Every structure is written in structure tokens, then in C-alpha cells.
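Reader: I am new to looking at protein models, and I would like to learn how to read a few features with some care. Could we go through them one at a time?

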Amino acid sequence: MGVVLTQMLATGAVYKWSAEGCPIARRAHRAFWKSLGQEPTEWTLAEDDDLADPQHRVDVELVTLRCAPFSPKNRKFPTGCEAALRELCAVIKGVRKRSPCVIIYENTAGLWRKASLRRRVEMVLRKCRGYRWEAIKVSPHIHAGVPVRRMRVFYVGIKGASAHMCRAVSSAHTASVCVRAQVECAVTVSVARALPETDDRYR
């Protein structure tokens, strides 16, 4: 999805920093950045207060956290959901301090499997005051040509308008959520995925 996002942005899009906790994803990110000829600064925690320094400011932050707890294939649902929501709260708290122009949060479509769960996620996102939020459910395979057949949910928050209730859009063909003509892009991925379930950070 990072490849597609980069193609959507301006030609000069730059990944300034990343906070990635999953070793597998980290290797994939590094290979991707190398292909772009870029070397973003790597941080341990996306909610690190030092990232609020103006030197780390970006136009777009992409937030993608653990999705397994929300997956339709999770037979132990809702096990893990509370920890995942706490993780989201922690990361969004950091995002609020940095106040990027655009926030993109993506997760599995299982995030919408329960109306109450969806409401809780949207309450967290609306804590980023001053953003207008839109939501869309898409198939990466059909709509972006990405070899991923699992349905995904994207929330896009654009700074500059009062925050509104998220509006669900059933098809990518009926809404425009592409963010174009940006200069810099930071990929913000939570460190929690690399931590054991017994870690107390988000428990």
C-alpha cells in the first residue's frame, strides 16, 4: 500500500521518518525506501514526544496498526481488541501533537464488524480536532492493483475544517479520498506489533 500511496502523492514525495515495530515489515520498508533512493529516520515509538519537534513535521502521516484482533478470521474475537484500541489511542495522541496536514489510518475491514467497535475507533480519531474525516472500504486488489485480497478500511482526516462524523462510503468509485500534491510523507507504524502479548505498554 505504501507503493500506491507514493504514486498518489507528488513526484517529489519524501518519506521523512518511520516508527515500525514489526521486523518483517521493517525489512520490507527498507527495501522499498532503497528502491526510492531514500533513507527515512527510524524511530522506536510513533508517540515519542521528540517527534513533535518542527524538524520532523510532515504533510501526511500514514498510521497502520495491528489488524489481527479485528480480522474476520480471528476466532477468538474480541480478544486483543482492547489492547489494539489502546495502541491506537497512544499513537493518535502523538499524531495530535505533530498536527500533520493529512492523517491516513488503515486497517482490516473487520474493524467495522461491530458497530460499537467502529464507534470507538472513530471517537479516538475525532480527538484530532480540526480535521474533517471521511471513511472508505476498499479492495486493494480491485481498486489499487495490490496483491492483497482482504478488504481494507481507510480513514482520511484533512486538517482545516471542523471534525465531522465519519461518513462510510461503500465503493471507491463513489468518493475521492486521494491526497495529492503533497511534498513530504511520513509512514507512522506502531511499534506494538513487535512486542510480546505480555508487554504492558498497551495492556
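Author: Let us start at the surface of this predicted model, where Lys93, Arg96, Lys127 and Arg129 together form a positive patch.

Reader: Which element holds Lys93, and is Lys93 buried or exposed?

Author: Lys93 sits in helix 3, which covers residues 81-98. A residue counts as buried under 20% relative accessible area and as exposed over 50%, with partly exposed in between. Lys93 has a relative accessible area of 46%, so Lys93 is partly exposed.

Reader: How should I read Trp43 by that scale, buried or exposed?

Author: Trp43, which lies in strand 2 (residues 41-43), has a relative accessible area of 18% and is therefore buried.

Reader: Which residues does Trp43 touch, leaving aside those up to four places away in sequence?

Author: A contact here means heavy atoms within 4.5 Å. On that basis Trp43 touches Trp17, Ser18, Ala19 and Glu20, and also Asp48, Asp50, Leu51 and His56. As for distance, the C-alpha atoms of Trp43 and Gly21 are 9.2 Å apart in space, while the two residues are 22 residues apart in sequence.

Reader: What share of contacts in the protein joins residues 24 or more positions apart?

Author: Among contacts with a separation of 6 or more, such pairs account for 77%.

Reader: How many helices and strands does the protein have, and what share of its residues counts as buried?

Author: There are five helices and eight strands, running from the N terminus as α-β-α-β-β-α-β-α-β-α-β-β-β, and 47% of the 203 residues count as buried.

Notes: Residues numbered from 1 in each chain as written. Predicted model: local features only at pLDDT ≥ 70, side-chain atom pairs only at ≥ 80, totals over all residues. Heavy atoms only, no water. Patch = residues over 30% accessible without salt bridge, like charges linked within 9 Å, V, L, I, M, F, W, Y side chains within 5 Å. Areas by Shrake-Rupley, 256 points an atom, 1.4 Å probe, with all protein chains shown as cover. Salt bridge = Lys/Arg side-chain N within 4 Å of Asp/Glu carboxyl O. Lys, Arg positive; Asp, Glu negative; His and termini not counted. Charge placed at Lys NZ, Arg CZ, Asp CG, Glu CD. Helix = DSSP H or I, 4+ residues; strand = E, 2+ residues; numbered from the N terminus. Buried < 20%, exposed > 50% of the residue type's maximum accessible area, 1.4 Å probe, protein only.
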